[in-house]
Amino acid sequence: MIKLKKKTPLIDQHDKFGFYGNKFGGNYCAETMRKPIEDLSKLFEKLRKDRKFLKKRDHYFKHYLGGETPFFKLKNLTKHLGGAQIWCKDVSAINGDAHKAYHATVNALICKESGKRYIAGDTGAGMFGKNLAMAAKKMNLKCKIFMGTKDISRQAPNVKFMRDAGAEVVPVDSGSKTLVDAVSECMRHYVSNCDNTHLAVGSAIGCNIFLKICAWSTSQISRELKKQLIKEFGEIPKLKLINVIGGGSSALGFWNEFIDYDKRHVELIGVEAKYAAPLSTNAKVAILHGAAQYCLTDREGQIAETHSLSAGLDYPGSSPLHGLLKDSGRARYTNASDKEALAAFKLITKLEDIRPSLEPAHAWNECIRLAPKLKKSDVLVVNNCGKGYKDKKIYIEQLGYYPK
Amino acid sequence: MKNSINNAFKIAKKENRPALISYTVCGDNTKEKSLQILNSISKDLDIAEWGIPHNCPTADGKDIQNSSYRALQNGIQLNDIFKLVKRFKKTKPSKPIILMGYYQMIFNYGEKKFIQKCKVSGVNGLIVVDLSFPDNKNFAKLCKKNSICFVQLIAPTTTVKRMKEIIKSSHEMIYMISTISTTGSALKYSIRKIINNYNIIKRIKPSKNVVIGFGITEKTISNLRSADGLVVGSAICREITRSLKYRQNPVKNVSKLVRKLKNRII
């Protein structure tokens with residue numbers, strides 16, 4: 001079993017080749033990309049220690065993204081389920097409607113520092129694309145978003161947003177026409193334009209530097225949560241932190257500050273979509289988009305197609321950092337079906353005022369499943385990482401209504 | 001057989017021309033057809049590259065993506081590729097063949113098993129697009145041990161310091177990527193700049209065979225004829241796509257194209 005290093009940030013637990021636990025990650029990329037990603041790594045290592053840059057980041061997080069996102073108890077749901085206390089870290093309240101706002105903003109800031117004028121990113125559910133388009137506009141960068149044609153049609157509100165913000169949305173019509181193909185096409189664009197373009201990878205995937213930037217940016221969520229927990233409970237209570245997993249960017253941000261805690265104290269639970277679930281269905285390690293990771297493949301090693309109602313989860317791979325957390329036993333992974341996620345949405349929105357998107361609805365399902373089995377002293381916190389409006393059409397199609 | 005790649009360059013040099021290297025995807029559009037194509041064009045080739053199709057080819061442009069897609073649609077698997085290589089080598093034992101692919105396919109098959117299979121089927125060299133230096137050191141060693149040439153790549157973005165290290169660990173052939181791009185896009189740089197980059201590599205180690213690839217077509221090939229070797233890939237794949245679209249025989253059309261390419265460099 002892999003052992004995690006204490007007091008070392010999760011993103012820094014790699015060797016000089018970019019491997020976590022000798023097994024996950026690495027830099028499986030074309031020679032053309034080597035120099036640009038090395039330059040980016042150097043820049044990032046410098047910036048993360050640079051007080052002026054950190055001040056700028058905090059300024060943007062506070063004034064542009066709206067500052068701390070709320071943390072509150074779901075009293076009705078807790079009462080209804082009659083077990084653990086259920087709390088919500090409502091990251092969807094951020095300006096930008098999802099955790100993707102953090103690393104979209106950081107990527108735009110880094111792009112600015114690098115002197116590059118173009119920024120390119122991939123998106124599935126459109127949350128990263130929309131936030132990157134917004135950040136690019138704010139910072140006067142030219143932005144290209146790569147998105148599968150299937151996702152363009154099922155996440156239309158976000159596409160409109162991107163275009164209105166002045167970004168070029170590049171439709172990707174190859175393969176399954178979803179996130180996996182969008183990431184591939186975006187990487188091709190980067191290989192061809194790495195001299196003037198910054199690549200903003202939308203999740204904690206890709207070559208070492210890309211997943212580091214992503215997880216470093218989203219970790220703002222757990223920094224806030226830690227403070228909020230202490231304010232509410234006077235200490236870090238016995239916790240379960242439940243988060244949905246697509247590529248894994250929101251979970252890494254939600255868990256980052258709690259990695260060093262014993263798992264009996266702070267348990268980390270990741271929830272995948274049932275038919276896109278490499279971590280919870282014992283998939284093999286495979287190389288996808290520049291990194292070794294748990295990934296769904298066929299016997300020949302070809303990347304498998306996935307199926308999820310949720311565009312953000314419709315991805316065959318997973319972050320190398322989640323491979324590390326799984327193999328070290330620090331986090332555990334489970335999954336929820338489309339139907340279960342929809343049922344969770346139905347119950348949550350009946351009892352509470354939050355409107356989760358399809359992605360966090362998967363995490364809510366696990367919360368609903370677990371809560372009745374636990375004691376009142378147990379605290380469940382769910383990262384409500386995305387707003388539901390983008391899935392309004394799908395909810396109406398599936399449930400017949402969208403709550404007010 | 002050990003030096004058949006070196007030999008191919010020697011022959012070309014004697015004829016005062018660059019070695020002509022083709023790239024086609026094994027199994028495009030069917031297993032048999034791809035072997036027929038290779039057999040037919042091999043008389044004009046010095047070295048043949050055969051692509052191992054992968055469904056997530058992040059460094060390939062549209063043409064090679066299309067070829068890979070067709071090959072996979074028709075069910076090609078790695079074991080078929082080894083069988084086809086064996087059949088090719090049976091009739092053309094002295095023609096070097098290089099397999100080119102993504103590391104995932106090798107990783108999934110198992111490195112050792114993969115190289116062993118290459119050896120017994122008669123593969124002379126390997127290009128692994130996304131296994132770059134220094135991560136490829138161990139794999140390259142394993143290749144050498146089995147008399148397989150591991151082809152290192154050098155890109156326009158590669159620094160001179162890194163270039164020196166790559167060349168030091170390279171085998172008999174080095175692949176220079178002409179331009180910052182995926183396979184098959186137009187050349188972004190002037191011919192002069194490409195030749196200049198090529199000369200930097202050659203000056204570091206004149207004895208290495210350096211081939212130039214990416215963006216080489218009928219139009220550009222003669223301008224680069226001072227190189228040790230030239231790789232044409234996407235232009236051939238495009239011709240296969242075109243032939244299939246117009247229901248023409250790809251074997252005949254591709255052979256014609258390769259003959260034309262050859263004529264431009266002799």
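Visitor: Hi! In β8(A), which residue is the bridge partner of A:Ala120?
Guide: Hello! A:Ala120 has A:Leu199 as its bridge partner in β8(A). Keep in mind that this is a predicted model.

Visitor: Thanks. How many bridges join β5(A) to β8(A), and which way do the strands run?
Guide: Four bridges join them, and the strands run parallel. Strand β5 of chain A covers residues 118-123.

Visitor: And is A:Leu199 buried or exposed?
Guide: A:Leu199 is buried, as is A:Thr197 on that side of β8(A). On the other side of the strand, A:His198 and A:Ala200 are buried too, so both faces are covered.

Visitor: What sheet do these strands belong to?
Guide: An open sheet of four strands in chain A, ordered β7-β6-β5-β8, with parallel pairing. β7 (168-172) and β8 of chain A are at the edges with a single partner strand each, so one side of each has no neighbour in the sheet. On average, neighbouring strands are turned by 25 degrees against each other, direction ignored.

Visitor: What about β5(A) and β6(A), how many bridges there?
Guide: Six bridges, again in a parallel arrangement, with β6 of chain A spanning residues 142-148. One pair to look for is A:Gly121 with its bridge partner A:Ile145 in β6(A).

Visitor: Which helix packs on that sheet?
Guide: Helix α4 of chain A, residues 100-114, which touches β5 and β8 of chain A. The direction of α4 makes about 160 degrees with that of β8(A).

Visitor: Let's zoom out. How many helices and strands are in chain A?
Guide: Chain A has 15 helices and 14 strands. The radius of gyration of chain A is 19 Å, close to the 22 Å from the globule rule for 404 residues, so chain A is as compact as a globular protein of that length. Its C-alpha trace spans about 55 × 50 × 45 Å along the principal axes, and buried residues make up 62% of the chain.

Visitor: Any odd backbone spots? What is the phi of A:Asn140?
Guide: A:Asn140 has a positive phi of about 65 degrees, although it is not a glycine. You'll find A:Asn140 in the loop between α5 (127-138) and β6 of chain A. Most residues other than glycine have a negative phi.

Visitor: Why does A:Asn140 count as exposed?
Guide: Because A:Asn140 has 9 C-beta neighbours inside 10 Å, and the cut-off for exposed is 12 or fewer. A:Asn282 also has a positive phi, about 55 degrees, and sits in the loop between β10 (266-273) and β11 of chain A.

Visitor: Over to chain B. Where is the cis bond involving B:Pro134?
Guide: That cis peptide bond joins B:Phe133 and B:Pro134, with omega about 0 degrees. B:Pro134 is in the loop between β4 and α7 (137-145) of chain B. The bond from B:Asp28 to B:Asn29 is cis as well, with omega near -10 degrees.

Visitor: How many strands are in the open sheet of chain B?
Guide: Nine, in the order β5-β4-β3-β2-β1-β9-β8-β7-β6, with parallel pairing. The edge strands are β5 (149-150) and β6 (152-154) of chain B, each with a single partner strand, so one side of each is left without a neighbour in the sheet.

Visitor: Last one! How many residues does each chain give to the contact?
Guide: Chain A gives 29 residues and chain B gives 31. In chain A, α1 (31-47), α8 (179-193) and β11 (285-288) each supply at least two of the residues on the side touching chain B. That side of chain A divides into twelve nonpolar, eleven polar and six charged residues.

Conventions:
Residues are numbered from 1 along each chain as its sequence is written. Chains are lettered from A and ligands numbered from 1 in the order in which they are written. This is a predicted model: local features need pLDDT of at least 70, side-chain atom pairs count only at pLDDT 80 or more; totals for chains, interfaces and linings use all residues. Two residues are in contact if their C-beta atoms, placed from the backbone, lie within 7 Å. Ala, Val, Leu, Ile, Met, Phe, Trp, Tyr, Cys and Pro count as nonpolar, Asp, Glu, Lys and Arg as charged, and the others, Gly among them, as polar. Two strands pair if DSSP finds at least two bridges between them. A residue is buried if 20 or more other C-beta atoms lie within 10 Å of its own, exposed if 12 or fewer, and partly exposed in between; C-beta atoms are placed from the backbone. The radius of gyration is taken over C-alpha atoms; the globule rule is 2.2 Å times the number of residues to the power 0.38. Axes are lines fitted to C-alpha atoms, for helices over the stretch in contact, and angles run from 0 to 180 degrees between N-to-C directions.
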